[in-house]
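Here are my notes on the inside of this one, mostly on packing and voids. Have the viewer open while you read.

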Amino acid sequence: MRPVKNVMSLLRRRPILRVQLTLLYSGLALGLLAAVLLATNLLYGHSEQRAPAGTPAAPATGGRTFDVGPAAIGLGAVAIAMAGAWWLAGRFLRPLRVITTTAQEISATNLDRRLDLTGPADELTDLSRTLNDLFGRLQAAFEAQRHFVANASHELRTPLAGQRTLLQVALADPAADTESLRAACEEALQLGDQQERLIEALLTLATGERGVERWDPIDLAEITQGVISGHRREADRRGIRIDAGLAPAPTVGDPRLVTSLIANLLDNALHHNIARGHVTVSTTSSTEHANIAISNTGPSIPRQDLERLFRPFHQAGAERVHRDGHGLGLAIVLAIAKAHGARLAAHPRSEGGLTVEVSFRLKRKSYRD
């Protein structure tokens with residue numbers, strides 16, 4: 001019964017695309033040939049009916065005969081049409097087979113490879129570009145996932161171990177009273193808040209590395225104004241003055257990610273500053289770009305340390321993690337800027353501190369490396 005079922009399933013299965021195209025092309029060719037022959041036959045018969053008087057009639061035949069000529073021509077036409085259609089369908093589908101084979105190899109081995117389909121700009125080259133974009137997004141998503149897991153597993157180990165040790169010591173103390181237990185619980189809550197902020201920062205970093213999924217019209221000036229309003233209290237607490245010159249700077253992007261980019265830039269400018277320092281924020285626009293620049297006073301930064309500043313959990317100097325942050329601020333800024341195709345530039349100030357500029361294109365278009 002199984003072979004019968006297999007045969008029936010094959011019969012019910014739709015034929016391959018090459019067979020479908022062959023039947024379609026040959027059917028069209030044979031239909032056109034039949035129409036031409038029919039029209040020729042009708043015209044020939046009409047001319048015989050209108051033949052003038054005295055024209056000798058065709059000799060009569062004594063019985064039925066079978067003319068092999070038209071039948072042979074018809075069979076030859078069918079064979080030629082089928083062979084030509086089969087060759088034409090194969091030539092048309094050859095680039096599609098190349099795309100399918102290469103895409104299977106890429107998905108099975110690594111996502112670093114890309115389709116390289118040469119030829120005129122048509123639907124197949126458009127399909128190749130679309131698949132390359134898809135592979136790029138998949139690669140970015142997988143890399144973001146790996147980075148998130150690696151960073152989270154490394155950075156959460158220390159606060160989790162400290163929280164566990166704190167609770168174990170408090171529970172093991174036989175003379176612990178309500179006040180000491182309350183103090184231990186408050187420290188545990190502070191460590192929990194630190195872990196929550198770290199996880200939120202890691203998620204933002206992973207989202208920025210994965211890419212932008214929403215493109216909405218935004219104004220950098222409006223977003224920056226809201227971010228500054230939310231940081232006024234922190235700036236006052238640190239004794240830092242914020243000077244803002246916000247001109248309209250319309251562009252397109254993910255509002256949530258752009259807000260996170262500006263917030264992390266301002267956080268970095270406030271946390272790495274000096275007493276009674278200041279932060280300068282400006283937004284500008286041109287015919288092609290919308291720009292935001294944030295400068296701050298602070299310690300001198302060697303130019304060779306600039307690249308390291310934008311790595312996760314790194315900063316200038318010997319310390320690995322910020323004293324009052326999670327060490328991901330500028331890494332988040334870089335990831336979000338890359339996701340938007342924005343150009344980021346950082347410059348140490350001669351008097352100390354850092355200037356970071358981010359330029360967004362007015363339309364959705366990525367910068368080339």
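1. Contact here means heavy atoms within 4.5 Å. Bear in mind that this is a predicted model. Leaving aside neighbours within four places in sequence, Val-279 has contacts with Ile-240, Arg-241, Ile-242 and Asp-243, with Leu-266, Ala-269, Leu-270 and Asn-273, and with Ile-294, Ser-295 and Asn-296.

2. Val-279 also turns up in the largest nonpolar core, a set of 48 residues. Along with Leu-261, Leu-265 and Val-358, Val-279 touches the most other members. Two or more residues each come from helices H6 (178-210), H7 (220-238), H8, H9 (306-309) and H10 (329-339), and from strands S4 (278-285), S5 and S7. H8 is the top contributor, giving nine residues.

3. There is another core, apart from that one. This one has seven residues, including Ile-99, Ala-103, Leu-131 and Phe-135. As background, nonpolar side chains in soluble globular proteins tend to be buried together.

4. Now the voids. How many cavities of 30 Å³ or more does the structure hold? Three, and the largest has a volume of about 40 Å³.

5. Lining that largest cavity are Leu-265, Asn-268, Ala-269, Ile-294, Ser-295, Asn-296, Leu-354 and Val-356. Helix H8 (255-271), strand S5 (289-296) and strand S7 (354-361) each give two or more residues to the lining. By class, five lining residues are nonpolar and three polar, with no charged ones.

6. Some names recur if you cross-check. Leu-265 lines the largest cavity and is listed in the largest core. Ala-269, Ile-294, Ser-295 and Asn-296 are in the lining and are also contacts of Val-279.

Notes
Residues numbered from 1 in each chain as written. Predicted model: local features only at pLDDT ≥ 70, side-chain atom pairs only at ≥ 80, totals over all residues. Heavy atoms only, no water. 1 Å grid on protein atoms, 1.4 Å probe; cavity = no way out; pocket = protein on both sides within 12 Å on 5 of 7 lines; lining within 4 Å. Points joined across faces, edges and corners; volume = space filled by probe spheres on them. Helix = DSSP H or I, 4+ residues; strand = E, 2+ residues; numbered from the N terminus. Nonpolar A, V, L, I, M, F, W, Y, C, P; charged D, E, K, R; others polar. Core = buried A, V, L, I, M, F, W, Y, C linked by side-chain atoms within 4.5 Å. Buried < 20%, exposed > 50% of the residue type's maximum accessible area, 1.4 Å probe, protein only.
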